[in-house]
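Biologist: Can you pull up the model for me? I'd like to go through the fold with you.

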Amino acid sequence: MTMQPSAVSPVRQEKNSRQLLATFLRTRRESLDPQRLGLPNTGRRRTPGLRREEVAMLADVGVTWYTWLEQGREMKPSATVLSAVSKALQCTPAETRHLFILAGLPVPEGPTGAECRQAGPASQRLLNSLMPNPATLQRPNFDILGYNAAFCRLMGVDLDTVPIAERNCIYQYLTNAQWRSRLCDESMLLPLYVAYFRAGMAEYRGDPRWEELLERFFAVSSRFYELWQQHYEIRSIENHIKHFNHPRHGHFTLQQMNWFSAPRDGSRLLVFLPQDAEGERILGELAQQTHI
């Protein structure tokens with residue numbers, strides 16, 4: 001008889017995370033060179049790396065509090081305090097992410113990720129290679145990092161002429177009549193956008209870009225504001241059939257596929273694929289257009 005694995009209880013899971021967090025903190029502390037950090041030479045050290053009191057001093061936290069955290073006791077550190085500990089331990093972005101995950105806190109977005117609102121050369125080559133299929137690279141908040149010509153032709157908007165701060169799918173939907181005219185099911189789309197954005201804000205709460213976007217959505221769309229206040233629906237991103245309108249080709253459908261980037265930072269690659277010969281024909285003709 002095949003034995004089914006027993007589910008790990010939430011209490012045991014939390015305890016395991018605390019132990020992993022404790023091990024990570026200790027090994028990270030022991031890997032640091034006190035002299036490189038400019039700490040005074042206080043004689044022979046019994047163990048390699050920093051002392052717990054030195055980490056506490058660098059992070060501006062209590063020695064007892066940090067000791068308990070490193071011992072795996074039941075602690076609830078705030079994101080601010082954990083960021084200070086991460087800085088004191090000279091953690092890389094990947095290590096900081098690991099630290100926050102183990103502590104059960106939302107992963108902070110690093111300054112490089114926050115400032116980067118455009119795809120790099122390799123990502124752009126990938127987008128271009130997907131022609132004639134429309135493709136775009138987006139952040140979790142729907143900021144558009146990159147796109148190919150087919151995507152611009154599909155939406156009827158030359159994104160090269162749109163300011164970077166306004167290259168956001170929801171913002172374009174709310175403010176750009178041309179963009180909005182290419183999408184069907186308006187009564188369903190806006191509630192979906194609200195549900196997607198609300199789910200994301202919970203994961204990235206405190207991120208200034210998310211808060212800035214929400215205020216802009218409220219400012220340009222009273223309907224978005226009403227839906228945000230009236231409904232508490234949460235939806236996750238998923239592959240689905242999307243319906244389009246085109247002034248020349250009329251109504252047609254495409255399959256929207258989502259792939260998340262690696263290392264995963266939440267950004268995703270969206271590719272719109274034809275479902276039938278008609279879709280292939282339309283995408284082929286859009287690819288041959290010399291203008292948007």
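Modeller: What follows is a walk through the sheet, the helix contacts and some unusual backbone spots.
Modeller: This is a predicted model, where local features need pLDDT of at least 70, side-chain atom pairs count only at pLDDT 80 or more, and totals for chains, interfaces and linings use all residues. Residues are numbered from 1 along each chain as its sequence is written, and side-chain values use heavy atoms, with hydrogens and water left out.

Biologist: Sheet first. What is the strand order?
Modeller: β2-β1-β5-β4-β3, five strands in an open sheet with antiparallel pairing. Strands (E, at least two residues) and helices (H or I, at least four) are DSSP runs, numbered from the N terminus. Two strands pair if DSSP finds at least two bridges between them.

Biologist: Which strands sit at the edges?
Modeller: β2 (144-147) and β3, each pairing on one side only.

Biologist: How many bridges join β3 to β4?
Modeller: Seven, between β3 (residues 240-246) and β4 (residues 250-260), running antiparallel. His243 has Thr253 of β4 as its bridge partner. A hairpin of three residues makes the connection from β3 to β4.

Biologist: And on to β5, how many bridges from β4?
Modeller: Seven again, joining β4 to β5 (residues 268-274), also antiparallel. There, Met257 is partnered by Val271 in β5.

Biologist: Which helix packs on the sheet?
Modeller: α14 (residues 277-288), which touches β3, β4 and β5. Its direction makes about 115° with that of β5. Axes are lines fitted to C-alpha atoms, for helices over the stretch in contact, and angles run from 0 to 180 degrees between N-to-C directions. Contact means heavy atoms within 4.5 Å.

Biologist: Now helix pairs. What angle do α12 and α13 make?
Modeller: About 120°, with the axes of α12 (residues 208-220) and α13 (residues 222-230) 5 Å apart. The pair is therefore oblique. For the cut-offs, under 35 degrees is roughly parallel, over 145 roughly antiparallel, 65 to 115 roughly perpendicular, and the rest oblique.

Biologist: Which residues make that contact?
Modeller: Leu214, Phe217, Phe218 and Val220 from α12, against Ser222, Phe224, Tyr225 and Trp228 from α13. The α12 and α13 contact has seven nonpolar residues, one polar and no charged. Here Ala, Val, Leu, Ile, Met, Phe, Trp, Tyr, Cys and Pro count as nonpolar, Asp, Glu, Lys and Arg as charged, and the others, Gly among them, as polar.

Biologist: What about α2 and α3, how do they cross?
Modeller: At roughly 115°, with the axes of α2 (residues 52-59) and α3 (residues 63-70) coming within 9 Å. Arg52, Glu53, Val55 and Ala56 in α2 meet Val63, Tyr66, Thr67 and Glu70 in α3. That contact divides into four nonpolar residues, one polar and three charged.

Biologist: What is odd about Asp60 in the loop between those two?
Modeller: Asp60 has a positive phi, near 60°, in a residue other than glycine. Asp60 is exposed, at 70% relative accessible area. The classes are buried under 20%, exposed over 50% and partly exposed in between (1.4 Å probe, protein chains only).

Biologist: And Gln90, where is that?
Modeller: In the loop between α4 (79-88) and α5 (93-103). Gln90 also has a positive phi, about 55°, without being a glycine. At 42% relative accessibility, Gln90 is partly exposed.

Biologist: Last one. Which residues does the cis peptide bond join?
Modeller: Met131 and Pro132, with omega about 10°. Pro132 lies in the loop between α7 (121-129) and β1 (135-138). Most peptide bonds are trans, and most residues other than glycine have a negative phi.
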